[in-house]
Amino acid sequence: MTAVLQRSLSQRSPLALRGEGPMLVLADGRRIVDASGGAAVACIGHGDARVIQAMTHQAARLAYAHTGFFTSEPAEALAEKLVGHRPGGLSRALFVSSGSEAMEAALKLARQYFVERGEPGRVHAIARRQSYHGATLAALGVGGHRARRALYEALLPVHVSHVSPCFAFHHRRADEDDAAYVARLALELDAEFQRVGPHRVMAFCAETVVGATTGCVAAVPGYFAAMRAVCERYGALLILDEVMCGLGRTGVPHAWEADGVAPDIQTIGKGLGGGYQPIGAVLVGERVVHALWRGSAAFSHGQTYQAHPVACAAALAVQTIVEAEGLIARSRDLGERLQTNLRAALSEHPHVADVRGRGLFVGVEFLADRAARCPFAASDGVAERVKNAALDAGVGVYPGSGTIDGVVGDHVLIAPPFNVPESLVDEIADKFAKAVASAFERVSA
Ligand SMILES: Cc1ncc(COP(=O)(O)O)c(C=O)c1O
C-alpha cells in the first residue's frame, strides 16, 4: 500500500533511495544510470556536495522572506548571473517554482504589457501543435499536444490557437528545401494572425527545441527569424519556452543562440536548479520591462514561494558549477559523441526512424514502417515499452508519445548530466541499443 497518489494507481513505482553523480540507487539494490536526468533536469548529476552546502548555508541564514517585503542575496546574485550581461536584451529575472508557473507568469506578463501600452484588445496567444508548455491550465492550454489536453479541454483558456510545428522530419515536403518550408510556415503564421485579427494577438509561443512531445526537434535554419518577422509585423511578442532545452542542455547557454533570434520573454526551469530545488524563471526583455516601468511600475503577479532563497541558492550553485567547469561545451561535445554512438548502434534497426537533437538533448524516434513513415498504434505503447526495457538494462530514458500528431508516434529522450563521464556516454548508447532490440522482441511477441 502507498498513501502517495503516484502517477499510476495500478503500478507501484520503485523506491529511489540515493543519487550519486549520474546514478540513481534504488531500494532493491539496483543502480540505474539517470540517462535522461529525469526529464532533462539533473544537469550536474546528483549529490553534489557544493550545492548541498550552498542550500544548507542559505537555509540556516535565511530560509524564507516574502518578496512583497524583501529581496534576498541569492535571488539578487542569481538574477545577476542570468541576465546581468543582458543576453539578447533580456534584463530582468522573475523566479518561480516550476516551468509551468514560469509559463503562466510569462503569459500574464505579455497580457499586462499590452494593457499598459493601451492595447487591451490583445488577449490571444498563438502556439504550435505537438508542443508542451506545462501542466497548469493556462500552460496546458497554450500547449498543443492533443492527448495531454484532451481530458481538460473544457477547462482550457479559449484565447489560444495553434499552427504547425517546425518538424522537418515529418512535415517538410519532398519538393521543399529549408527556405521553402520556412516560407510556408511563415505564411501559415501570418494567416493565423489575420484570422484571429492582428490586433488581438499578444504573443507567439514556441519551445526553441521541442522536448517532451516530439523528442528534441530543433527548427530548420531561418525558421525563428521568419516567425520573429511575422510577430514584428503585427507588434506581437515572441515567447520562447526553454524550460527543457535551456541553460546549456543543447550545447549553448540559451538554445535560441543557435537560431540567432532572442525572445521578448523566455522561460527556463529544469536545468536551472538541476533538480536540487524546484525552481523556474521568466527572463524579461527590456522592451517589456520598459513598458511596465512607464506604466504601473509593477508586475501584477505574485506567489508565496517566488524567489525562494534556498531554491535560488541551489540554482546559483548549480549555474556556478556549470560555468566554472565548462559544462556547456561538454554538453555540446558529448552530445555529438552520444548521437554518433546511437546512430552506429541503431541505424540498421527497422523501427528506429531518427536520432536527433543538439548537445546532450537527444531524441530517438520509432516507427512501425520507416520507409512509409508509418507509426505504431498508440495502443502498442512503444515508447513506454522501450523505457521499461531500458530500465531493465539499468538505464533511465524519458518516453514520449503522440510524436506525430499528438496521438500516434513514439520517441524517447536521452539527456544525461553534462558532467557524465565519456565512458558512461558510450555505455548508455550500448545498453540502450540492446534495450531497444529487446523491447521490439517484446512488441512482436
Ligand atoms: C518545454 C516545457 N515547458 C514547460 C514545462 C513545465 O515544467 P514543469 O513540469 O516544471 O512545470 C515542461 C516540462 O516538461 C517543458 O518541457
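A polar contact here is a pair of N or O atoms within 3.5 Å; within protein, one atom must be able to donate a hydrogen and the other to accept it, and residues adjacent in sequence count only if both atoms are side-chain atoms. The model is predicted: local features need pLDDT of at least 70, side-chain atom pairs count only at pLDDT 80 or more, and totals for chains, interfaces and linings use all residues. Residues are numbered from 1 along each chain as its sequence is written, and side-chain values use heavy atoms, with hydrogens and water left out.

**View 1. Polar contacts to the ligand from Ser 100, Asp 241 and Lys 270.**
A side-chain N or O atom of Asp 241 lies 2.7 Å from a nitrogen atom of the ligand. Ser 100 places a side-chain N or O atom 2.5 Å from a ligand oxygen. Lys 270 has a polar side-chain atom 2.8 Å from an oxygen atom of the ligand. The residues surrounding the ligand include Ser 98, Gly 99, Tyr 132, His 133 and Gly 134. Glu 207, Val 243 and Met 244 are also among them. A residue is listed here if one of its heavy atoms lies within 4 Å of the ligand.

**View 2. His 254 in the loop between β10 and β11.**
Strand β10 covers residues 237-242. Helices (H or I, at least four residues) and strands (E, at least two) are DSSP runs, numbered from the N terminus. His 254 has a relative accessibility of 5% and counts as buried. Buried means under 20% relative accessible area, exposed over 50%, and partly exposed in between (1.4 Å probe, protein chains only). The His 254 side chain makes a polar contact of 3.1 Å with the side chain of Gln 266. Leaving out residues up to four places away in sequence, His 254 touches Pro 87, Glu 242, Leu 247, Gln 266 and Leu 283. Contact means heavy atoms within 4.5 Å.

**View 3. Strand β12, with 6 of its 6 residues buried.**
Strand β12 spans residues 280-285 and is mostly covered. In a regular strand, side chains alternate between the two faces of the sheet. Gly 280, Val 282 and Val 284 point one way from β12. Ala 281, Leu 283 and Gly 285 point the other way. All of these residues are buried.

**View 4. The pairing partners of β12: β4 and β11.**
Two strands pair if DSSP finds at least two bridges between them. Strand β4 (residues 90-96) pairs with β12 in the antiparallel sense, over 6 bridges. Leu 94 has Val 282 as its bridge partner in β12. Strand β11 (residues 265-268) also pairs with β12 in the antiparallel sense, over 4 bridges. Ile 265 has Val 284 as its bridge partner in β12.

**View 5. A salt-bridge network of Arg 228, Glu 232, Asp 264 and Arg 287.**
A salt bridge is a side-chain nitrogen of Lys or Arg within 4 Å of a carboxyl oxygen of Asp or Glu. The structure holds 31 salt bridges. Within the network, Glu 232 and Arg 287 form a salt bridge, with their closest N and O atoms 4.0 Å apart. This pair links distant parts of the chain, 55 residues apart: Glu 232 in helix α9 (residues 223-234) and Arg 287 in helix α10 (residues 286-294). Glu 232 is partly exposed at 46% relative accessibility. Arg 287 is partly exposed too, at 32%.

**View 6. Salt bridges of Arg 31 with Glu 20 and Arg 50 with Asp 48.**
The Arg 31 and Glu 20 side chains meet at 3.1 Å, N to O. Arg 31 sits in strand β3 (residues 31-33) and Glu 20 in strand β1 (residues 16-20), 11 residues apart. Arg 31 is partly exposed at 43% relative accessibility. Glu 20 is partly exposed at 31%. In the other pair, the closest N and O atoms of Arg 50 and Asp 48 are 2.8 Å apart. Arg 50 is partly exposed at 42%, whereas Asp 48 is buried at 10%.

**View 7. Cys 205 and Cys 312, each in no disulfide.**
A disulfide is a pair of cysteine sulfur atoms within 2.5 Å. The structure holds 0 disulfides. For Cys 205, the nearest cysteine sulfur is that of Cys 231, 9.2 Å away. Cys 205 is buried at 1% relative accessibility. For Cys 312, the nearest cysteine sulfur is that of Cys 43, 15 Å away. Cys 312 is buried, with a relative accessible area of 0%.
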